[in-house]
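Welcome! Work through the exercises below with the structure open beside you, and try each task before you read its solution.

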Amino acid sequence: MATIFEIRIHHNDRVYAEQAAVDAFRLLDRIESDLNRHDPNSDVSQLNAAEPGEEIRLGLHAYQCLQLAFVVHEASRGAFDVTVGGIKDLYAQAGSWWQRLTGRCAAKTHRVGMRHMQMVDDRRAVILDAPVTVDLGGIGKGYA
């Protein structure tokens, strides 16, 4: 998640407090591994590799984070969208103003829009109707 988490625990039993901190950091590591689109084994990477129409079952954290992303997407009237990963990649690779300009043109060919994702709550799954690149970086830290 490229961020720093700090945990402060106040408890009379030092061993208990230390174990609670260790457990909390382990949970953060699990969430990171589920949400990190650059980890080929993550739930998000599996979703990004899916063919249109394919149902991808997700772990609890990835699914809940996507549910939260839909809430924020709706509340922001579409301004917040986790399907911009492909465009982010284009701009990250662009160094000069010319590369950024041509990247803008190339970005128009990328599918963006959470409307391309259908959540299947009873199976904790997602179905894409078009290839998109999901990037939960804008909401994953808050979820964690």
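Helices (H or I, at least four residues) and strands (E, at least two) are DSSP runs, numbered from the N terminus. This is a predicted model, in which local features need pLDDT of at least 70 and side-chain atom pairs count only at pLDDT 80 or more, while totals for chains, interfaces and linings use all residues. Residues are numbered from 1 along each chain as its sequence is written, and side-chain values use heavy atoms, with hydrogens and water left out.

**Exercise 1. The overall layout**

Task: Find how many helices and strands the protein has, and in what order they run.

Solution:
- Step 1. Count the elements: there are six helices and three strands.
- Step 2. Read from the N terminus on, and the order is α-α-β-α-α-α-β-β-α.
- Step 3. Look at how the chain folds back on itself, using contact (heavy atoms within 4.5 Å). Of the contacts with a separation of 6 or more, 63% join residues 24 or more positions apart.

**Exercise 2. Placing A20**

Task: Say which helix holds A20, and decide whether A20 is buried, partly exposed or exposed.

Solution:
- Step 1. Locate the residue: A20 belongs to helix α1.
- Step 2. Recall the classes: buried means under 20% relative accessible area, exposed over 50%, and partly exposed in between (1.4 Å probe, protein chains only).
- Step 3. Apply them: A20 has a relative accessible area of 30%, so A20 is partly exposed.
- Step 4. Add a distance: A20 and I7 are 13 residues apart along the chain, and their C-alpha atoms are separated by 9.6 Å.
- Step 5. Set this beside the whole protein, where buried residues make up 33% of the 144 residues.

**Exercise 3. Three histidines**

Task: For H61, H73 and H116, work out where each one sits and what each one touches.

Solution:
- Step 1. Start with H61, which is in helix α3 (residues 60-75). Its relative accessibility is 17%, so H61 counts as buried.
- Step 2. List the partners of H61: leaving out residues up to four places away in sequence, they are L27, I31, D34, L35 and Y143.
- Step 3. Look for a polar contact (a pair of N or O atoms within 3.5 Å; within protein, one must be able to donate a hydrogen and the other to accept it, and residues adjacent in sequence count only if both atoms are side-chain atoms). The side chains of H61 and Y143 make one at 3.0 Å.
- Step 4. Move to H73, also placed in helix α3. With a relative accessible area of 18%, H73 is buried. Beyond its neighbours within four places in sequence, H73 is in contact with G78, F80, D81 and M114.
- Step 5. Finish with H116, found in the loop between α5 (97-107) and β2 (117-120). At 9% relative accessibility, H116 is buried as well.
- Step 6. Find the partners of H116: its side chain makes a polar contact with the side chain of D129 (2.7 Å). Outside four places in sequence, H116 touches R111, I127, L128, D129, A130 and V132.

**Exercise 4. Two unusual arginines**

Task: R77 and R124 each have a positive phi; compare their surroundings.

Solution:
- Step 1. R77 is not a glycine, yet its phi is about 55 degrees. R77 sits in the loop between α3 and α4 (85-93) and is exposed, at 83% relative accessible area.
- Step 2. R124, again not a glycine, has a phi of about 50 degrees. R124 lies in the loop between β2 and β3 and is partly exposed at 35%.

**Exercise 5. The core**

Task: Describe the largest nonpolar core and the element that gives the most to it.

Solution:
- Step 1. Define it: a nonpolar core is a set of buried Ala, Val, Leu, Ile, Met, Phe, Trp, Tyr and Cys residues joined through side-chain atoms within 4.5 Å.
- Step 2. The largest one has 22 residues, and L66, V82, M117, V126, V134 and L136 have the most contacts inside it.
- Step 3. Two or more residues come from each of α1, α2 (43-48), α3, β3 (125-128) and α6. The most come from α3, with five residues.
- Step 4. Zoom in on V134: beyond four places in sequence, among its contacts are V44, L47, L66, V82 and M117.
- Step 5. Connect this to a general trend: in soluble globular proteins, nonpolar side chains tend to be buried together.
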